[in-house]
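Q: I would like a close look at one part of this chain, and then at how the rest of the fold is arranged. Please keep the answer plain.

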Amino acid sequence: MKNMTRRGFLKVAGAGAAVAGLGLVGCGGGSGSAATTGAASGEAAGGDVAGKTVAFIPKITGNAFFESANDGAQKYAKDWGFTVDYLGSSSASASDQVGIINQAVANGVDALCISTVDAAGVSDALKKATDAGIVVTTWDSDAQPEDRTLMVSQGTPEILGQMLVDMSVDGLKQRGKDPSADKITYAWHYSQATVTDQNSWQVAAEAIIKKDYPNWENVHPDNYYSNQDAEQAKTVGAAVLSAFPDIDLIICNDSTALPGQLAAAEDAGYDAQNITITGFASPQSIKSYCENGTIYNWGLWDCAVQGAMGCYVAAYLAAGNTVKVGDTISIPSIGDVKVEANDSISEGATTGDENNGVVLLPERLVFTKDNMNDYNF
């Protein structure tokens, strides 16, 4: 993992899983074998992950978020003694992901860990992978819970929806707006309505806005989508500003939409004093826009640790270990993670009796000009 420090970040509280000793600086050493169980501890039984091969599948290649996640997965996996094959497409499409899943099966991997573009669109392919004896895990954007074992999630929809609203409020206040009293017009710009994670955050945030800020008006309830395409994100960003030139707030809960929206804003002469744009993206991908005065704040999480965790739990289950809700998995050089029920991130979702559930990252980060250079991803 690239060198990162923990100086000056804002930790957003509320995670449901506690990861002890989360290392944001380097990977460290560490045995490749998982921790063993004690009857009183509720910790999952240990098994050696060494020698396993995990196919690590992003939504799209070439994106800073996913490339950083792969960097972390590769470095940690080297210490853990297993192989991570990064398999992806430069196009964020379900059909491309189906082909990549089929390729992983043909390659004879032990497990795969995928961030899905469209959970329904890859469902059949994931079921076939499972039928072929391959362990399926997810990270970042979930599959249908019955199509995978464990999901490594960046947070619940409520946590991440609240984070998006809080960043929006802070950005508006920076401009002298009163988010509780002023009429605030806003819109959403992200990748696709079929992307499980981003859509769930938007839904959760809308519920928070309706409750806490009834004076806000969503001027385009159908949302704007740019399909995780960098050029399209800029074009769609320009369309938002053309349709609503006096809009107060644009929320981009997607790491491609946010820089595209900012580029469009700069081209149209906007800055952080006359529009609030915020969302999720890596610090370095937004740094220049912050330096230019186009954005006040934005957020993310440690994608390198998340990618590594997704690959580890895939290898862990492929090594023959079993877990259930409430069990703890000890991940060398990262810490202890607890298996949560699927309804922790998806309301009404059921959880299988064994090898099915969710592991949550414990921290999220909010970036401003004061701390963005503390993170090298």
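Leaving aside its neighbours within four places in sequence, which residues is Y296 in contact with?

A: The model is a predicted one. Once residues within four places in sequence are set aside, Y296 touches D170, G171, Q174, A272, F367 and T368. Y296 itself sits in the loop that joins α8 (283–291) to β12 (298–300). Its relative accessible area is 32%, so Y296 counts as partly exposed. Another residue to look at from here is T278: Y296 and T278 are separated by 18 residues in sequence, while their C-alpha atoms are 7.7 Å apart in space.

T278 also leads to the interior, as one of the residues that L258 contacts beyond four places in sequence. The full list for L258 is C252, I277, T278, G279, F280, A281, I286, I295 and W298. L258 belongs to the largest nonpolar core, which has 93 residues. L258 is among the residues with the most contacts inside that core, together with W80, F82, W216, F280, M309 and I329. Helix α9 (residues 303–318) contributes the most to this core, giving twelve residues. A second core, separate from the first and made of 16 residues, includes I57, L87, V122 and A129. As a general point, nonpolar side chains in soluble globular proteins tend to be buried together.

Strand β7 (residues 184–190) shows burial at the level of a whole element. Seven of its seven residues are buried, so β7 is largely enclosed by the rest of the structure. In a regular strand, side chains alternate between the two faces of the sheet. For β7 both faces are covered: one side carries I184, Y186, W188 and Y190, the other carries T185, A187 and H189, and all of these are buried.

The pairing of β7 can be followed strand by strand. With β8, β7 pairs in the parallel sense over three bridges, and Y186 stands opposite N218 in β8. Between these two strands the chain passes through helix α5 (residues 196–212), a β-α-β crossover that is right-handed. With β10 (residues 249–252), β7 again runs parallel, joined by three bridges. There the bridge partner of Y186 is L249. Y186 therefore has a bridge partner in β8 as well as in β10. With β9, β7 is joined by two bridges, also parallel, and H189 has Y224 as its bridge partner in that strand.

Two asparagines in the loops on either side of β9 have a backbone feature to note. N223 lies in the loop between β8 (216–218) and β9 (224–225). Its phi is near 70°, a positive value in a residue other than glycine. The relative accessible area of N223 is 9%, which means that N223 is buried. N227 is found in the loop between β9 and α6 (230–243). It too is not a glycine, and its phi is positive at about 60°. N227, however, is partly exposed, with a relative accessible area of 32%.

Another loop residue, T149, sits between β5 (135–139) and β6 (150–153). At 15% relative accessibility, T149 counts as buried. A polar atom of the T149 side chain lies 2.7 Å from the backbone oxygen of V136. Not counting residues up to four places away in sequence, T149 touches V135, V136 and T137, as well as L317, N355, N356 and G357.

For the chain as a whole, the secondary structure comes to nine helices and 16 strands. Of the 377 residues in the protein chain, 58% are buried. Among contacts with a separation of 6 or more, 73% are between residues 24 or more positions apart.

A word on confidence is needed. The chain averages a pLDDT of 89, and 88% of the residues score at least 70. Over residues 1–45, though, pLDDT stays under 50. The model has 141 contacts beyond four places in sequence for that stretch. Where pLDDT is low, the predicted coordinates should not be read in detail.

Terms used: Residues numbered from 1 in each chain as written. Predicted model: local features only at pLDDT ≥ 70, side-chain atom pairs only at ≥ 80, totals over all residues. Heavy atoms only, no water. Core = buried A, V, L, I, M, F, W, Y, C linked by side-chain atoms within 4.5 Å. Buried < 20%, exposed > 50% of the residue type's maximum accessible area, 1.4 Å probe, protein only. Helix = DSSP H or I, 4+ residues; strand = E, 2+ residues; numbered from the N terminus. Contact = heavy atoms within 4.5 Å. pLDDT = per-residue confidence, 0-100. Polar contact = N/O pair within 3.5 Å; in protein donor to acceptor, adjacent residues only side chain to side chain. Pairing = 2+ DSSP bridges. Right-handed = clockwise from strand over helix to strand, strands pointing away.
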